[in-house]
Amino acid sequence: MSEARKSAPKKMVVELEVNGTRHELLVEPRRTLLEVLREELGLTGAKEGCGLGACGTCTVLMDGRPVRACLTLAVEAQGASILTVEGLADTVADREPGALHPIQEAFVDAHGVQCGFCTPGMILAAKALLDEEPDPDEARIREALGGQVCRCTGYTKIVEAVKLAAHRLSGEEVEA
Ligand code: FES
Ligand code: FES
(Lines give C-alpha, C1' and ligand atoms only; values in the text may rest on other atoms or scores of the structure.)
(Ligands and ions follow the chains in the order given, each with its own letter.)
Protein backbone atom coordinates (compact mmCIF):
# COMPACT_ATOMS: atom_id res chain seq x y z
CA MET A 1 0.00 0.00 0.00
CA SER A 2 1.35 3.46 -0.87
CA GLU A 3 2.22 5.98 1.87
CA ALA A 4 -0.59 8.21 0.61
CA ARG A 5 -3.13 5.38 0.93
CA LYS A 6 -1.86 4.49 4.41
CA SER A 7 -2.20 8.07 5.67
CA ALA A 8 -5.62 8.76 4.11
CA PRO A 9 -8.04 9.67 6.91
CA LYS A 10 -10.55 6.96 7.66
CA LYS A 11 -14.10 7.89 6.90
CA MET A 12 -16.98 7.34 9.26
CA VAL A 13 -20.68 6.93 8.70
CA VAL A 14 -22.71 9.77 10.18
CA GLU A 15 -26.46 9.84 10.34
CA LEU A 16 -28.05 13.25 10.39
CA GLU A 17 -31.57 14.49 10.03
CA VAL A 18 -31.33 17.76 8.15
CA ASN A 19 -34.45 19.86 7.63
CA GLY A 20 -36.57 16.80 8.26
CA THR A 21 -34.74 14.46 5.86
CA ARG A 22 -32.48 11.67 7.11
CA HIS A 23 -29.03 11.36 5.56
CA GLU A 24 -26.36 8.73 5.95
CA LEU A 25 -23.03 10.24 5.02
CA LEU A 26 -19.51 8.93 4.82
CA VAL A 27 -17.27 11.68 6.20
CA GLU A 28 -13.74 12.16 7.42
CA PRO A 29 -13.73 12.74 11.20
CA ARG A 30 -12.08 16.15 10.74
CA ARG A 31 -14.87 17.51 8.53
CA THR A 32 -17.02 20.17 10.12
CA LEU A 33 -20.77 20.18 10.12
CA LEU A 34 -20.60 23.40 8.08
CA GLU A 35 -18.50 21.73 5.38
CA VAL A 36 -20.81 18.75 5.22
CA LEU A 37 -23.94 20.88 5.02
CA ARG A 38 -22.52 23.12 2.32
CA GLU A 39 -20.39 20.71 0.30
CA GLU A 40 -22.16 17.36 0.68
CA LEU A 41 -25.75 18.47 0.98
CA GLY A 42 -25.62 21.70 -1.03
CA LEU A 43 -27.16 23.73 1.80
CA THR A 44 -25.27 27.00 1.47
CA GLY A 45 -27.48 29.14 3.71
CA ALA A 46 -25.04 28.83 6.63
CA LYS A 47 -21.96 30.83 5.70
CA GLU A 48 -18.35 30.61 6.73
CA GLY A 49 -17.30 33.99 8.08
CA CYS A 50 -14.43 33.57 10.48
CA GLY A 51 -14.25 29.77 10.66
CA LEU A 52 -13.17 30.25 14.27
CA GLY A 53 -16.39 30.42 16.24
CA ALA A 54 -16.36 34.21 16.55
CA CYS A 55 -18.94 35.57 14.10
CA GLY A 56 -22.03 33.33 14.05
CA THR A 57 -22.57 33.34 10.28
CA CYS A 58 -22.41 29.53 10.34
CA THR A 59 -25.13 29.16 13.01
CA VAL A 60 -27.58 26.29 12.56
CA LEU A 61 -29.90 24.66 15.07
CA MET A 62 -28.90 21.26 16.39
CA ASP A 63 -31.75 19.62 18.28
CA GLY A 64 -33.23 23.10 18.58
CA ARG A 65 -30.15 24.81 19.99
CA PRO A 66 -27.95 27.21 18.06
CA VAL A 67 -24.47 25.84 17.32
CA ARG A 68 -21.45 27.10 15.46
CA ALA A 69 -21.36 24.71 12.52
CA CYS A 70 -17.75 25.76 11.81
CA LEU A 71 -16.68 24.45 15.21
CA THR A 72 -18.92 21.38 15.28
CA LEU A 73 -17.52 18.24 13.71
CA ALA A 74 -20.02 16.37 11.58
CA VAL A 75 -19.36 13.26 13.67
CA GLU A 76 -20.34 15.20 16.79
CA ALA A 77 -23.75 15.73 15.22
CA GLN A 78 -24.32 11.96 14.89
CA GLY A 79 -28.04 11.27 15.28
CA ALA A 80 -28.93 14.93 15.71
CA SER A 81 -31.68 16.89 14.07
CA ILE A 82 -30.28 19.89 12.21
CA LEU A 83 -32.27 22.87 11.03
CA THR A 84 -30.77 25.26 8.48
CA VAL A 85 -32.36 28.37 7.08
CA GLU A 86 -33.40 26.39 3.98
CA GLY A 87 -35.71 24.26 6.11
CA LEU A 88 -37.09 26.96 8.38
CA ALA A 89 -40.24 27.76 6.42
CA ASP A 90 -41.13 24.08 6.28
CA THR A 91 -41.43 24.02 10.07
CA VAL A 92 -44.66 26.02 9.70
CA ALA A 93 -47.66 23.70 9.66
CA ASP A 94 -49.96 24.06 6.64
CA ARG A 95 -47.96 26.88 5.09
CA GLU A 96 -48.87 28.18 1.66
CA PRO A 97 -46.49 27.01 -1.09
CA GLY A 98 -43.52 29.36 -1.23
CA ALA A 99 -44.45 31.21 1.96
CA LEU A 100 -41.68 32.30 4.29
CA HIS A 101 -41.49 31.56 7.99
CA PRO A 102 -42.95 34.43 10.09
CA ILE A 103 -39.45 35.25 11.38
CA GLN A 104 -38.19 35.57 7.82
CA GLU A 105 -41.19 37.73 6.92
CA ALA A 106 -40.54 39.94 9.93
CA PHE A 107 -36.89 40.37 8.92
CA VAL A 108 -38.03 41.47 5.46
CA ASP A 109 -40.75 43.79 6.73
CA ALA A 110 -38.62 45.41 9.45
CA HIS A 111 -35.61 45.77 7.12
CA GLY A 112 -33.58 43.36 9.20
CA VAL A 113 -32.22 41.66 6.08
CA GLN A 114 -29.19 43.81 5.45
CA CYS A 115 -26.20 42.15 3.82
CA GLY A 116 -27.51 38.61 3.59
CA PHE A 117 -24.31 37.10 4.88
CA CYS A 118 -25.14 37.21 8.58
CA THR A 119 -28.90 36.94 8.07
CA PRO A 120 -29.34 33.13 8.15
CA GLY A 121 -27.51 32.90 11.47
CA MET A 122 -29.44 35.85 12.90
CA ILE A 123 -32.74 34.30 11.88
CA LEU A 124 -31.90 30.89 13.35
CA ALA A 125 -30.64 32.43 16.59
CA ALA A 126 -33.95 34.34 16.73
CA LYS A 127 -35.87 31.11 16.12
CA ALA A 128 -34.11 29.38 19.00
CA LEU A 129 -34.83 32.34 21.27
CA LEU A 130 -38.51 32.65 20.35
CA ASP A 131 -39.08 28.90 20.67
CA GLU A 132 -37.86 29.15 24.25
CA GLU A 133 -39.06 32.65 25.15
CA PRO A 134 -41.97 33.84 23.01
CA ASP A 135 -41.97 37.36 24.48
CA PRO A 136 -38.38 38.45 25.10
CA ASP A 137 -37.58 42.06 25.96
CA GLU A 138 -35.01 44.02 23.97
CA ALA A 139 -32.17 43.25 26.38
CA ARG A 140 -32.87 39.54 26.06
CA ILE A 141 -33.01 39.75 22.25
CA ARG A 142 -29.68 41.55 22.18
CA GLU A 143 -28.22 38.98 24.55
CA ALA A 144 -29.50 36.04 22.45
CA LEU A 145 -28.09 37.61 19.28
CA GLY A 146 -24.90 38.67 21.02
CA GLY A 147 -22.83 36.03 19.25
CA GLN A 148 -24.11 36.99 15.79
CA VAL A 149 -21.79 39.62 14.36
CA CYS A 150 -22.87 42.26 11.87
CA ARG A 151 -19.88 43.92 10.31
CA CYS A 152 -21.64 46.52 8.23
CA THR A 153 -24.93 48.09 9.18
CA GLY A 154 -25.82 47.56 12.82
CA TYR A 155 -28.30 45.76 14.94
CA THR A 156 -31.25 48.13 15.37
CA LYS A 157 -33.33 46.79 12.47
CA ILE A 158 -32.44 43.22 13.34
CA VAL A 159 -33.66 43.66 16.91
CA GLU A 160 -36.84 45.31 15.61
CA ALA A 161 -37.36 42.36 13.30
CA VAL A 162 -37.14 39.89 16.18
CA LYS A 163 -39.62 41.97 18.20
CA LEU A 164 -41.99 42.03 15.22
CA ALA A 165 -41.63 38.28 14.77
CA ALA A 166 -42.38 37.71 18.45
CA HIS A 167 -45.56 39.80 18.22
CA ARG A 168 -46.69 38.07 15.05
CA LEU A 169 -45.99 34.60 16.38
CA SER A 170 -48.01 35.41 19.47
CA GLY A 171 -50.91 36.29 17.17
CA GLU A 172 -50.88 40.03 17.82
CA GLU A 173 -51.83 42.28 14.92
CA VAL A 174 -48.92 44.69 14.43
CA GLU A 175 -47.72 46.96 11.68
CA ALA A 176 -44.13 46.55 10.50
S1 FES B 1 -17.89 31.00 10.66
FE2 FES B 1 -18.49 29.95 12.42
S3 FES B 1 -18.50 31.44 13.96
FE4 FES B 1 -17.68 32.49 12.23
S1 FES C 1 -22.93 41.60 8.38
FE2 FES C 1 -24.88 41.16 7.69
S3 FES C 1 -25.99 43.01 7.84
FE4 FES C 1 -24.02 43.42 8.63
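A crossing of two helices is called right-handed if the near helix is turned clockwise from the far one by less than a right angle, and left-handed if anticlockwise. In this predicted model, the crossing of helix α4 with helix α7 is right-handed. The points below describe that helix pair and then two aspartates with positive phi values, Asp 63 and Asp 94.

**Packing of α4 and α7**

- Helix α4, residues 102–109, packs with helix α7, residues 156–169, at an angle of about 135 degrees, and their axes lie 8 Å apart.
- Because an angle between 115 and 145 degrees falls outside the parallel, antiparallel and perpendicular ranges, α4 is classed as oblique to α7.
- On the α4 side the contact is formed by Pro 102, Ile 103, Glu 105, Ala 106, Phe 107 and Asp 109, which meet Ile 158, Ala 161, Val 162, Leu 164, Ala 165, Arg 168 and Leu 169 of α7.
- Sorted by class, this contact of α4 with α7 comprises 10 nonpolar residues and three charged ones, with no polar residues.

**Aspartates with positive phi**

- Most residues other than glycine have a negative phi.
- Asp 63, although not a glycine, has a positive phi of about 50 degrees, and it is found in the loop between β3 (59–62) and β4 (65–68).
- With a relative accessible area of 53%, Asp 63 is exposed.
- Asp 94, likewise a residue other than glycine, has a positive phi near 55 degrees, and it is found in the loop that runs between α3 (85–88) and α4.
- Asp 94 also counts as exposed, at 78% relative accessibility.

Definitions and conventions:
Residues numbered from 1 in each chain as written. Chains lettered and ligands numbered in written order. Predicted model: local features only at pLDDT ≥ 70, side-chain atom pairs only at ≥ 80, totals over all residues. Heavy atoms only, no water. Axes fitted to C-alpha atoms, helices over the stretch in contact; angles between N-to-C directions. Helix = DSSP H or I, 4+ residues; strand = E, 2+ residues; numbered from the N terminus. Parallel < 35°, antiparallel > 145°, perpendicular 65-115°, else oblique. Contact = heavy atoms within 4.5 Å. Nonpolar A, V, L, I, M, F, W, Y, C, P; charged D, E, K, R; others polar. Buried < 20%, exposed > 50% of the residue type's maximum accessible area, 1.4 Å probe, protein only.
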